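Please look first at the sequence and the structure shown below, and then read the report that follows.

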2 protein chains.
Amino acid sequence: MPDGVKKKSEETRDRIMKAALEMFHDGGFDSTTMRDIAARAEMATGAAYYYFDSKDAIVLAFYDRARSEMEPRLEQALEKSRDLKERLRGLIEVKLDYFAPSRKLLGALSGHTNPDSPLSPFSERTREIREHDIAFFERALLESRTTGPKDLKKHLPRLLWMYQMGIILFWIYDSSRGQTKSDLLLTKSLDIVVRLIKLSSLPLTGPIRRSVVQLMDTLVS
Amino acid sequence: MPDGVKKKSEETRDRIMKAALEMFHDGGFDSTTMRDIAARAEMATGAAYYYFDSKDAIVLAFYDRARSEMEPRLEQALEKSRDLKERLRGLIEVKLDYFAPSRKLLGALSGHTNPDSPLSPFSERTREIREHDIAFFERALLESRTTGPKDLKKHLPRLLWMYQMGIILFWIYDSSRGQTKSDLLLTKSLDIVVRLIKLSSLPLTGPIRRSVVQLMDTLVS
DNA sequence: CACTACTTTTGAACACGTTCAGAAAAAGGA
DNA sequence: TCCTTTTTCTGAACGTGTTCAAAAGTAGTG
């Protein structure tokens with residue numbers, strides 16, 4: 001097969017996804033039916049299911065693509081500063097910016113809290129995406145001026161990732177004008193998070209830090 | 001109407017709910033259909049919708065009932081100790097114990113992260129249940145030995161409630177045998193939470209505490 | 001070409017939650 | 001009692017996501 005030329009089947013897949021995303025964007029996730037999508041992609045309803053296991057799976061595929069498209073932007077964000085707060089803010093803002101046009105679409109996925117559902121951000125199916133993302137937080141810490149205490153190093157990236165997920169979830173459903181509340185939340189909570197990390201290096205906080213480490217050890221196992 | 005005798009309509013409502021909960025319990029939420037429920041309650045499918053707006057609403061009604069049934073147990077839990085950690089543990093354990101037989105059922109509701117959905121724990125519809133519950137955390141703090149710093153008093157109950165929601169969510173999907181992981185999470189995280197509250201009274205933590213207060217102020221507004 | 005194996009597409013069918021026009025039953029009112 | 005109003009119930013119908021047997025298309029082999 002020649003370079004740059006996709007298999008026909010891949011083209012069809014893309015056509016379905018393009019149709020779906022356009023319609024999701026215009027009319028929302030719920031009110032776009034699989035029949036609509038298939039019609040727009042010029043095929044029978046059932047055909048779409050040959051390429052995607054479910055309607056949700058289309059959103060998941062979009063999320064998959066998002067990850068690879070955001071990667072260079074995340075790299076770039078890390079290059080901009082060596083200050084931990086700025087680095088974290090950079091990572092999170094890349095995601096919010098990227099998803100801004102399809103903010104509502106994420107709501108379709110965010111309902112899947114059940115880690116057994118393949119669409120959950122905590123599921124086995126999304127493990128790769130997740131671990132890949134956590135690695136960015138690891139790097140944000142590693143090359144920054146404030147790395148935090150040694151014994152927390154193992155878990156801090158995952159904790160920060162979870163913090164990020166909280167921010168994003170809030171942002172998805174933030175109904176304030178221009179999502180100003182989310183902006184505030186990000187700025188202020190980042191301040192708190194970084195302060196806490198710095199604080200956690202002080203000798204006074206030894207016991208509590210050890211508790212956190214212990215807790216994370218048992219949970220991950 | 002004589003005392004102790006329910007209206008006929010209320011009896012019918014109860015009959016539907018009883019049928020539903022039994023079947024949810026046996027076969028799970030998803031695989032129990034409204035047709036099944038109506039059949040078990042000996043009526044046509046549509047009739048169930050005269051009493052409940054939706055299938056989810058049945059679960060919500062169950063949750064409503066749960067609140068009033070748990071109230072005396074929560075009172076009792078607060079009477080047992082004046083130690084903050086014990087008091088918090090008491091409140092949370094009452095809920096886990098109560099919901100234990102229908103743990104999986106809660107999964108049906110927990111998917112509703114969208115605060116616009118009436119079934120979300122953050123929605124307007126569930127505000128009363130929520131505020132009522134937060135009040136218990138307020139009391140847990142008030143009459144305990146460690147009340148935490150003054151400026152946090154306004155927000156600490158809500159923060160603790162959110163902490164509790166996290167624990168419950170984890171517990172719902174905890175697949176470890178006998179939910180041992182949840183037990184561990186509760187014990188260890190409670191330790192951390194209470195330590196943090198105590199720590200937050202120290203002068204060193206003034207700035208960070210003020211940040212938290214400020215953040216909560218803007219979010220609640 | 002003919003035959004086979006595989007991939008892709010079709011569209012009817014299924015089960016579901018939900019709606020709704022209207023039937024039946026109950027409750028008042030004269 | 002008869003008529004009206006209100007409450008309760010019926011079951012067919014709708015629109016949805018999804019499945020599936022079978023048809024159509026494609027590619028390789030002789």
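In this predicted model, chain A, when read along its sequence, follows the pattern α-α-α-α-α-α-α-α-α-α, and the count for this chain is accordingly given as 10 helices and 0 strands. The C-alpha trace of chain A spans about 65 × 45 × 35 Å along its principal axes, and of the 221 residues in this chain, 21% are buried. Among the contacts in chain A with a separation of 6 or more, 58% are made by residues that stand 24 or more positions apart.

The contact between the two protein chains draws on 26 residues from chain A and 26 residues from chain B. On the side of chain B that touches chain A, helix H6 (103-110), helix H9 (180-199) and helix H10 (206-220) of chain B each supply at least two residues, and H9(B) gives the most, with 10 residues.

Turning to the DNA, there are 16 residues around strand D, of which Thr33(A), Gly46(A), Ser9(B), Met43(B) and Gly46(B) come nearest. Helices H2 (34-40) and H3 (45-51) of chain A, together with helices H1 (8-27) and H3 (45-51) of chain B, each supply at least two residues of the surface near DNA strand D, and H3(B) gives the most to this surface, with 4 residues.

The table sets out the residue classes of the two surfaces.

| Surface | Nonpolar | Polar | Charged |
|---|---|---|---|
| Side of chain B that touches chain A | 12 residues | 10 residues | 4 residues |
| Surface near DNA strand D | 6 residues | 8 residues | 2 residues |

Key:
Residues are numbered from 1 along each chain as its sequence is written. Chains are lettered from A and ligands numbered from 1 in the order in which they are written. This is a predicted model: local features need pLDDT of at least 70, side-chain atom pairs count only at pLDDT 80 or more; totals for chains, interfaces and linings use all residues. A residue is near a molecule or strand if its C-beta atom, placed from the backbone, lies within 6 Å of it. Ala, Val, Leu, Ile, Met, Phe, Trp, Tyr, Cys and Pro count as nonpolar, Asp, Glu, Lys and Arg as charged, and the others, Gly among them, as polar. A residue is buried if 20 or more other C-beta atoms lie within 10 Å of its own, exposed if 12 or fewer, and partly exposed in between; C-beta atoms are placed from the backbone. Two residues are in contact if their C-beta atoms, placed from the backbone, lie within 7 Å.
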